[in-house]
Amino acid sequence: MRVPAVLLRAGAPFAQLWWRIRRPTTFGVKALIRHPDGRFLVVRHSYADTRRWALPGGGYKPARETPTEAAAREVREELGILLPPDGFAALDTTVTTLEGKHDTLTILTADALDDAFRLSPEIAEARWVTDLDELGDAPVSRWLVRALGRA
């Protein structure tokens, strides 16, 4: 079931508050999707920080899927891009408490065959860019910067 963007936006502050109180242990992935011509895909989510350019991704349960399987699923769900899990390579794994939760985050990369995508309600906007300067003065996710530095 797809959740409408307005509900995602309304629920985001409550989720962040819950994470700060409960401090759960979570696992997440971020995916740097590259095009053969040198461009990479950036997204703005429709919830939480809607101005910030970031990478597609989300949470997963290690008992159910690997980080590469999670990245393939998230890219498919958020952008309609079909990439095989074995097409992803890990760039970095880090532990962060930025949102109040104890999150093990894996940043992966994969190559897209073409530049077609379809936005889900989770994504407000997506763009193929060759450089972060193309995004102007909009804020950029630290994970996007980190992925580009490791790619």
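**Exercise 1. Against which strands do the buried residues of α2 pack?**

Solution.
- This is a predicted model.
- Start with the burial. In α2, the buried residues are A70, A71, A72, R73, E74, V75, E78 and L79.
- Now look for their partners. These residues pack against β1, β2, β3 (57-59), β5 and β6.
- Check the helix length. The 13 residues of α2 should span 18 Å at 1.5 Å a residue, and the end C-alpha atoms are 18 Å apart, which agrees.
- Look past the helix end. G80 follows α2, with a positive phi near 70°.

**Exercise 2. Find the residues of the largest nonpolar core that touch the most other members.**

Solution.
- The core has 20 residues; I33, L41, V75, L83 and F88 touch the most other members.
- Trace the elements behind it. Two or more residues each come from β1 (25-34), β2 (40-45), α2 (67-79), β5 (102-111) and β6 (123-129).
- The most come from α2, which gives five.
- Take L83 as a test case. Not counting residues up to four places away in sequence, L83 touches I33, A72, V75, F88, A110, D111 and A112.
- Another core lies apart from this one. Its 13 residues include F40, L105, L135 and A147.

**Exercise 3. Decide whether Y60 is buried or exposed, and list its contacts.**

Solution.
- Locate the residue. Y60 sits in the loop between β3 and α2.
- Apply the cut-off: buried means under 20% relative accessible area. Y60 has 11% relative accessibility, so Y60 counts as buried.
- List the contacts, leaving aside neighbours within four places in sequence. They are F27, G28, V29, E65, T66, P67, A70, R73 and T106.
- Compare sequence with space for F27. Y60 and F27 are 33 residues apart in sequence, yet 5.7 Å apart C-alpha to C-alpha.

**Exercise 4. Work through the salt bridges that R39 and D92 make.**

Solution.
- Begin with the total. The whole structure holds 11 salt bridges.
- R39 meets D115 at 3.1 Å, N to O. R39 is in the loop between β1 and β2 and D115 in the loop between β5 and β6, so the pair ties together parts 76 residues apart in sequence.
- D115 has 36% relative accessibility, so D115 counts as partly exposed.
- D92 meets R150 at 3.5 Å, N to O. The pair links strand β4 (residues 89-96), which holds D92, to helix α3 (residues 142-150), which holds R150; the two residues are 58 apart.
- Compare the burial of the partners. D92 counts as buried at 12% relative accessibility, whereas R150 counts as partly exposed at 46%.
- Finish with a network. Salt bridges link E65, R73, E74 and E77.

How values were computed
Residues are numbered from 1 along each chain as its sequence is written. This is a predicted model: local features need pLDDT of at least 70, side-chain atom pairs count only at pLDDT 80 or more; totals for chains, interfaces and linings use all residues. Side-chain values use heavy atoms; hydrogens and water are left out. A nonpolar core is a set of buried Ala, Val, Leu, Ile, Met, Phe, Trp, Tyr and Cys residues joined through side-chain atoms within 4.5 Å. Buried means under 20% relative accessible area, exposed over 50%, partly exposed in between (1.4 Å probe, protein chains only). Helices (H or I, at least four residues) and strands (E, at least two) are DSSP runs, numbered from the N terminus. Contact means heavy atoms within 4.5 Å. The expected span of a helix is 1.5 Å times one less than its number of residues. A salt bridge is a side-chain nitrogen of Lys or Arg within 4 Å of a carboxyl oxygen of Asp or Glu.
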